[in-house]
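Colleague: I am new to this one. Could you walk me through its cores and pockets?

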Amino acid sequence: MTTTPVDKTARSATSLAWARRRHSVARFWAAYRTHRAGLFGLAALVLIAALAVAAPLLVGPDVQSVTNAPGTALEEPSAAFPLGTDQFGRSLLGLLVWGARISLTVGLLAAALSVAIGTLVGIVAGHYGGLFSTVVMRITDWFLVMPSLVLAIVLATVMSRSMWTVIVAIGVASWPTTARLVRAQTIAVESRPYIERAKALGGGHGHIMNRHVLPNVMPLVLAQTTLGISSAILTEATLAFLGLGDPTVVSWGGMLQDAREAGAVSSGHWWYLAPPGIAIAIVALAFTLCGRAIESVLNPKLGVAR
């Protein structure tokens, strides 16, 4: 088969594009490594994610069983149960590892949904401007002044109780901040000369938003996603603690709700409350540290401490 000059040019352009991407990733990692707090957060997230993925192998799905619990109710930490047992005699360590799957999944998907909505609204509002942008941003402001937790509670109450309901409730309630940030960045990007050249060459709205605006706001979107995951995990824990989570799955917030119902606070069973609470705090802190480090790398003018 004969290779035409056009094919060679296309392959060369593709190779050059991939080489640039690899160089950008290498440069980003070199800058990220200089942030000790960011590395600590990344190491903690990798460890917790590995435990969550390996949960079926480490503890097995039967750890959630109430009828086949291996211990007695509310045992103190011991060699057999390093974190003690719950009111059904289940190992809290096993529940903690298994609950990481749900908490991380809800946090990731809810943050992704929130950022996707905010990015779409922000780019469209910033690109078109005028009366359309004013109306869209007034709607955004209405969602912004509405307490996101209250809105999430309302949505989780009126919808069926499931993990997907929690994801949708958190995502729909927390997108306005991203929308305002992306809109401001979109306006700044569209004031640059190459956007005017793209318009003069016949570039349509979709071409300009997809090929020019979106790549330039992606660093902001990435940092916002990382920071939003910690908020989503905390909100999921709050909803589960209030009894609005999925009762068929184990999550860290659900473990706190079970501890409250079992009277762990008043009876002094600290080992029932401490592990899920500490796990939520560590994951939220780790995502926040990673997000701040990413912000500092992508925008050195922020001057985030290392």
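Modeller: Here are a few short questions and answers on a predicted model.

Colleague: Which helix gives the most residues to the largest nonpolar core?

Modeller: That core has 36 residues. Helices H2, H4, H10, H11 and H13 each give two or more of them. The top contributor, with 11 residues, is H13.

Colleague: Which residues touch the most other members of that core?

Modeller: Take Phe287 as an example. Leaving aside its neighbours within four places in sequence, Phe287 is in contact with Leu45, Leu104, Leu108, Thr226, Ile229, Ser230 and Ile233. The residues that touch the most other core members are Leu104, Trp252, Val283 and Phe287.

Colleague: Which element supplies the largest share of the lining of the largest pocket?

Modeller: This pocket holds about 450 Å³ of space. Its lining has 29 residues, and those nearest the centre include Asp246, Pro247 and Asp258. H4, H7, H10 and H11 each give two or more residues to the lining. The largest share, 5 residues, comes from H11.

Colleague: How many charged residues are in that lining?

Modeller: Sort the lining by type. There are 14 nonpolar and 8 polar residues. The charged ones number 7.

Colleague: And the second largest pocket: which helix gives the most to its lining?

Modeller: Its volume is about 310 Å³. Of its 21 lining residues, Ser114, Ser174, Thr177, Gly228 and Ser231 are the closest to its centre. The lining divides into 12 nonpolar, 9 polar and no charged residues. The helix that gives the most, with 6 residues, is H10.

Notes:
Residues are numbered from 1 along each chain as its sequence is written. This is a predicted model: local features need pLDDT of at least 70, side-chain atom pairs count only at pLDDT 80 or more; totals for chains, interfaces and linings use all residues. Side-chain values use heavy atoms; hydrogens and water are left out. A nonpolar core is a set of buried Ala, Val, Leu, Ile, Met, Phe, Trp, Tyr and Cys residues joined through side-chain atoms within 4.5 Å. Buried means under 20% relative accessible area, exposed over 50%, partly exposed in between (1.4 Å probe, protein chains only). Helices (H or I, at least four residues) and strands (E, at least two) are DSSP runs, numbered from the N terminus. Contact means heavy atoms within 4.5 Å. On a 1 Å grid over the protein atoms alone, a cavity is a set of points where a 1.4 Å probe fits but cannot get out, and a pocket is an open set with protein on both sides within 12 Å along at least five of seven lines; lining residues have an atom within 4 Å of a point. Grid points are joined across faces, edges and corners, and a volume is the space filled by probe spheres set on the points. Ala, Val, Leu, Ile, Met, Phe, Trp, Tyr, Cys and Pro count as nonpolar, Asp, Glu, Lys and Arg as charged, and the others, Gly among them, as polar.
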